[in-house]
Amino acid sequence: MAECVVAVDLGGTSIKAGLVDRRGTLLHRRRVPTAREDGDEAVLRQLVRVVTDMIDAATERDLVPLAAGVAVLGIVDERHGRVITASNLGWRDLPVGEYLEQRIAVPVALGHDVRVGAWAEWALGAGRDVADVLFLAVGTGVSAGLVLDGRLHSGGGYAGELGHVVVAPGGRACGCGNRGCVETVASAAAIADRYAELSGESISTAEVAARAARGGRLAAQVWGEAVEALATALAAAVNLLAPEVIIVGGGLGGAGSAVLDPLRDRLSEHLTFQRRPRVVAPELGDLAGCIGAGLLAWQRLDRQVRP
Ligand SMILES: [Zn+2]
């Protein structure tokens with residue numbers, strides 16, 4: 001019988017689960033809403049249920065599930081299987097890996113949603129032909145996943161917090177306690193808030209993007225500020241890490257050329273002698289986290305996937 005692993009991407013609003021074969025192909029998947037209104041313990045129990053259901057789904061398809069990979073948002077210490085903080089879920093210093101392994105019949109690997117997304121794009125998507133990848137997720141928050149010399153860089157769980165680089169000193173208050181972070185200018189909520197502040201009109205971030213594309217003056221200004229904040233932080237990352245490819249994903253990444261074109265231009269303005277990265281769209285869409293969780297599970301079994 002063919003082997004597979006269970007892959008789960010736990011987000012603040014939904015859980016994406018799937019079965020991933022040894023080539024990184026997603027064989028079967030489902031999505032359920034996250035039960036976070038019922039408390040942090042409820043989400044843990046739901047996680048056990050989802051993984052157990054996927055193990056059953058594998059068996060029904062004559063597949064042998066060998067391990068499970070679970071990707072979580074927040075500050076995640078992969079090595080020790082601990083979630084240090086996941087504010088969307090109300091989790092603080094929780095040994096999620098151990099909790100799951102005690103209740104699930106297969107070994108469990110815990111990972112970070114954006115980092116495993118970066119890894120999946122490096123292994124199978126837009127970064128598959130290079131060694132150094134920066135995956136930028138712009139949505140509710142802003143963060144990055146790094147693959148450097150073909151290795152996922154975690155920094156004990158703290159790497160990739162590009163959203164908290166200060167680009168507007170003394171600017172708007174950020175959820176992290178600082179002021180003027182990238183997230184206060186370029187997250188989806190920040191873009192909508194800034195537009196409302198300037199125009200007195202509350203519209204969605206997607207509508208701000210659409211109006212900017214049609215030449216709306218205020219929308220273009222707000223969109224430009226967000227892009228500049230991202231470009232400034234990315235330029236610092238390029239100087240420090242020299243990624244060959246920057247993959248722009250997350251909700252805002254879905255805006256395609258509306259974000260990629262101006263971001264390429266602004267980033268280019270910041271660079272002179274540096275190795276210039278390609279700035280591209282993701283190839284795995286919003287499934288990168290789920291597929292990456294699967295790759296993590298394969299790695300837990302000492303079988304790294306990159307065809
Ligand atoms: Zn911050």
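In the predicted model, Gly177 counts as exposed, with a relative accessibility of 70%, and is placed in the loop between strand E11 (151-153) and helix H4 (183-186). The C-alpha atom of Gly177 lies 9.9 Å from that of His164, a residue 13 positions away along the chain.

Two residues other than glycine adopt positive phi values in loops of the model. Most residues other than glycine have a negative phi. Asp62, which is not a glycine, nevertheless has a positive phi near 60°, and this residue belongs to the loop between helix H1 (40-60) and strand E4 (63-72). The relative accessible area of Asp62 is 52%, and because values over 50% count as exposed, Asp62 is assigned to the exposed class. Ala242, likewise not a glycine, takes a positive phi of about 50° and is located in the loop between helix H7 and strand E12 (245-249). With a relative accessible area of 23%, Ala242 is partly exposed, since the partly exposed class covers the range between 20% and 50%.

The strand E11 that precedes the loop of Gly177 is part of an open sheet of five strands, arranged in the order E11-E10-E9-E12-E13 with mixed pairing. Strands E11 and E13 (278-280) form the edges of this sheet, each of them pairing on one side only, and the twist from one strand to the next averages 20°. Strands of a sheet pair through backbone hydrogen bonds, either parallel or antiparallel. Within the five-stranded sheet, strand E9 (residues 133-138) pairs with E12 in the parallel sense, and five bridges are found between the two strands; Leu136 has Val248 of E12 as its bridge partner.

Helices H3 and H7 both lie across strands of this sheet. Helix H3 (residues 113-124) lies across E9, strand E10 (142-148), E11 and E12, and runs at about 45° to E10. Helix H7, in turn, lies across E9, E10 and E12, with an angle of about 160° to E9.

Helix H7 also packs against two other helices, H9 and H5. Two packed helices are described by the angle between their axes and the distance between the axes. For helix H7 (residues 217-241) and helix H9 (residues 257-270), the axes come within 8 Å and cross at roughly 50°. This angle falls between the roughly parallel range, under 35 degrees, and the roughly perpendicular range, 65 to 115 degrees, and H7 and H9 are therefore oblique to each other. The crossing of H7 with H9 is right-handed. On the side of H7, the contact is made by Trp223, Val227, Glu228, Leu230, Ala231, Thr232, Leu234, Ala235 and Val238, while H9 contributes Ala258, Val259, Pro262, Leu263, Arg266, Leu267 and His270. By residue class, the contact between H7 and H9 consists of 12 nonpolar, two polar and two charged residues.

Helix H5 (residues 188-199) packs against H7 at an angle of about 140°, and the axes of these helices are 10 Å apart. Angles over 145 degrees would count as roughly antiparallel, so H5 and H7 are oblique to each other. The crossing of H5 and H7 is right-handed. In this contact, Ile191, Arg194, Tyr195, Leu198 and Ser199 of H5 meet Leu218, Ala219, Gln221, Val222, Trp223, Glu225 and Ala226 of H7. The residues involved comprise eight nonpolar, two polar and two charged. Trp223 of H7 takes part in the contact with H9 and also in the contact with H5.

A further open sheet is formed by three strands in the order E5-E6-E7, with antiparallel pairing. Strand E5 (75-77) and strand E7 (91-94) are the edge strands of this sheet, each pairing on one side only, and neighbouring strands are turned against each other by 15° on average when direction is ignored. Strand E6 (residues 82-86) and E7 run antiparallel and are joined by three bridges, with Val83 having Leu94 of E7 as its bridge partner. The hairpin of E6 and E7 has four residues between the strands, and in this hairpin Gly90 takes a positive phi near 70°.

How values were computed:
Residues are numbered from 1 along each chain as its sequence is written. This is a predicted model: local features need pLDDT of at least 70, side-chain atom pairs count only at pLDDT 80 or more; totals for chains, interfaces and linings use all residues. Side-chain values use heavy atoms; hydrogens and water are left out. Axes are lines fitted to C-alpha atoms, for helices over the stretch in contact, and angles run from 0 to 180 degrees between N-to-C directions. A crossing is left-handed if the near helix is turned anticlockwise from the far one by less than a right angle, and right-handed if clockwise. Contact means heavy atoms within 4.5 Å. Ala, Val, Leu, Ile, Met, Phe, Trp, Tyr, Cys and Pro count as nonpolar, Asp, Glu, Lys and Arg as charged, and the others, Gly among them, as polar. Two strands pair if DSSP finds at least two bridges between them. Buried means under 20% relative accessible area, exposed over 50%, partly exposed in between (1.4 Å probe, protein chains only).
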